[in-house]
Amino acid sequence: MSEPQGVELTGPVHERYDEILTPEALGFLASLQREFGVRRKELLNKRAERQEELARGGTLDFLPDTAAVRHDGSWRVAKPAPGLEDRRVEITGPTDRKMTINALNSGAKVWLADFEDANTPLWENMVGGQLNLRDALDRTIDFETGGKSYRLKPDEELATIVVRPRGWHLDEKHVLVDGERMSGSLFDFGLYFFHCARRQLDKGKGPYYYLPKMESHLEARLWNDVFNLAQDLLEIPRGTIRATVLIETIPAAFEMEEILYELRDHSAGLNAGRWDYLFSVIKKFRARGRQFLLPERNAITMTAPFMRAYTELLVRTCHKRGAHAIGGMAAFIPSRRDEEVNKAAFEKVRADKTRESNDGFDGSWVAHPDLVPLCREVFDGVLGDRPNQLDRLREEVSVAASDLLAVDKTPGEITEAGLRNNISVGLQYIATWLGGNGAVAIFNLMEDAATAEISRSQIWQWLRGDVDLADGPKVTTELVERIIDEELGKIRESYGDAFDERRFADAVALFKEVALADDYADFLTLPAYERMP
C-alpha cells in the first residue's frame with residue numbers, strides 16, 4: 001500500500017484494507033492530525049489540571065466566564081437534519097458485519113454505529129468497521145453464519161447511521177503521523193467522513209456523529225473546528241455534519257449550553273450517557289471521602305436526586321436551544337430461556353422509558369433489537385404523529401450546582417453481593433474486551449466499557465473510603481483479592497470448555513492494576529489497549 005509523506009501504517013494490511021486506507025484517505029487523516037493534534041494534547045492536559053484542583057478540595061460550578069452564552073436567549077442550534085427529525089428509538093452497537101445489518105434492520109430510527117465503548121479498538125475492528133459502514137451504504141453488505149443469511153431490508157426501512165468515534169483521550173497506535181500516534185477520534189471520524197459523507201448526501205441524509213467523553217466546551221470547539229476543516233477539504237458545505245454530544249462526564253453537565261453553542265451550526269442535540277456519567281462522578285471525586293461515595297452500581301437509579309437533576313437540566317437546556325434531548329441506555333438483553341427474567345426486566349425498561357418520555361426526552365437508547373418495539377410504543381404514546389417534543393420547553397426546571405453535586409443523597413447500600421458483582425462483571429468484560437469484543441452480555445445486561453469502568457472505580461474508591469459492607473467486613477485489598485479468586489472459580493465453572501486461562505489471567509492482572517493500585521488509571525482502556533496487538 002502507498003503511504004503519503006510522513007504517514008506510517010504499523011498495523012497489518014488484510015483483504016480490502018486498500019479500499020479504506022487509500023493514499024488520499026491517509027493524506028486527509030494526516031491533515032487533520034497535523035492541524036489539531038497539539039490542541040488535543042493541550043485540552044487533555046487541562047483535564048489533568050482540573051482533576052488536580054478537585055483533588056485539592058476544589059469544586060465544579062457553572063462558568064462565570066461564559067455566563068453571557070447562557071443568558072443570551074437569542075441563539076439556537078441548527079434545525080434537525082434529514083434523517084434526524086424523529087429519533088424516538090435509537091439502537092446502539094459495534095460495527096461488526098452482523099450487528100451492522102441487524103441494527104439497520106431493527107426498526108429503530110437511528111443506529112449509533114459504535115467505534116467506542118461497545119467496541120474493542122482492535123485494528124481489525126477499526127478498519128473492518130469502516131468497510132462495513134461503506135458496504136452498508138452501497139447495499140453490498142451481507143453475512144452468513146450457521147446456515148443463516150443476513151441481508152438489508154428495503155432502503156426506506158433502514159435506521160439512520162450516526163457514528164461514535166473514540167474519545168479524545170485515545171490514540172490510534174497503528175497510524176503514525178510524523179512519527180507520532182494519531183488521535184483515535186480523528187482516525188474514526190476522518191475515515192468515515194472521507195468515504196461516506198457523499199454517500200450519505202446522495203441518499204438524502206448526511207454524515208452524522210455522536211461525540212463521547214467531552215469534559216468542556218473547549219473540547220466541543222475543537223470538534224467544531226475539525227468539522228469545518230474536514231468539510232472545506234472535501235468541498236462539502238459547512239453545517240452538513242451534525243453531531244450529538246454525550247453528556248457523560250460531570251464537568252460537561254455544567255457546560256451543556258456552552259457545548260451546544262460551540263457546535264450550534266453542527267449540533268444535533270445532547271444525550272444522557274448515564275453509565276459513563278456515574279463513572280465520571282466517581283473518578284472526579286474519588287479522593288473526597290463519603291460526600292461523594294456512591295452505593296453499589298445496581299442500587300443507583302435514575303431517580304437518585306443528582307441523576308434527576310442532571311437529566312432534567314439536559315432536557316431543559318436542549319429544548320431551550322432547539323436541540324434534541326436523547327435518553328439513556330436500556331441495557332437489558334432478553335433471555336431465550338427465562339420468561340420470568342424477561343417479564344421483570346421489560347417492566348423496568350418500560351418504566352424507565354416512560355419516565356424519559358414524560359420528562360420531555362425526544363427519544364432513547366436500547367441495546368437489543370427486541371427492545372425497539374417497547375421503546376417505540378412508549379414514545380409513540382407521548383409523541384403520536386409528532387417527530388419530537390422540542391416545543392416542550394420545561395421552563396419550570398431550575399437546577400443549581402449543588403443539585404448536580406448532591407451525590408451523598410443517593411439511597412442504597414454497599415453489600416458483598418454488590419462487591420462480587422463488580423468483580424465478576426469486571427473480569428468477564430475485560431477478558432472479552434482483550435479478545436476483541438467490546439459489547440458483552442453478562443447477567444442479562446449488555447455491558448460495555450462504561451459499566452466496567454464503574455465496577456473497578458467503585459472498588460478503588462471503597463478501598464480508600466474505609467467502607468464496611470452492609471452485610472460483612474470492611475472492604476480491604478485482602479478481601480477483594482480473595483473474592484477475585486472465588487469469582488474466577490465460578491466463571492471458570494460456568495464457562496466450561498470456553499474458559500480461556502491465558503486471557504482470564506491477563507484480565508485478572510489488568511483488573512488488579514486498575515482497581516487496587518495506588519495510582520488511579522483515568523481509563524482502564526488505556527492500559528488495556530497497550531496489551532493488544
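1. A pocket here is an open set of points, on a 1 Å grid over the protein atoms alone, where a 1.4 Å probe fits, with protein on both sides within 12 Å along at least five of seven lines. This is a predicted model, where local features need pLDDT of at least 70, side-chain atom pairs count only at pLDDT 80 or more, and totals for chains, interfaces and linings use all residues. Residues are numbered from 1 along each chain as its sequence is written, and side-chain values use heavy atoms, without hydrogens and water.

2. Start with the largest pocket, whose volume (the space filled by probe spheres set on the points) is about 750 Å³. It is lined by 28 residues (those with an atom within 4 Å of a point), and Arg274, Trp275, Asn298, Lys348 and Leu445 are the closest to its centre.

3. What is the make-up of this lining of the largest pocket, in nonpolar, polar and charged residues? It has 17 nonpolar, five polar and six charged residues.

4. Next comes the second largest pocket, with about 550 Å³ of space. Among its 28 lining residues, Met99, Ala367, His368, Pro369 and Met446 are the closest to the centre. Its lining divides into 13 nonpolar, seven polar and eight charged residues.

5. Now look for the largest nonpolar core (buried Ala, Val, Leu, Ile, Met, Phe, Trp, Tyr and Cys residues joined through side-chain atoms within 4.5 Å, buried being under 20% relative accessible area with a 1.4 Å probe, protein chains only). This core has 123 residues, and Phe189 is one of those with the most contacts inside it.

Conventions: Nonpolar A, V, L, I, M, F, W, Y, C, P; charged D, E, K, R; others polar. Buried < 20%, exposed > 50% of the residue type's maximum accessible area, 1.4 Å probe, protein only.
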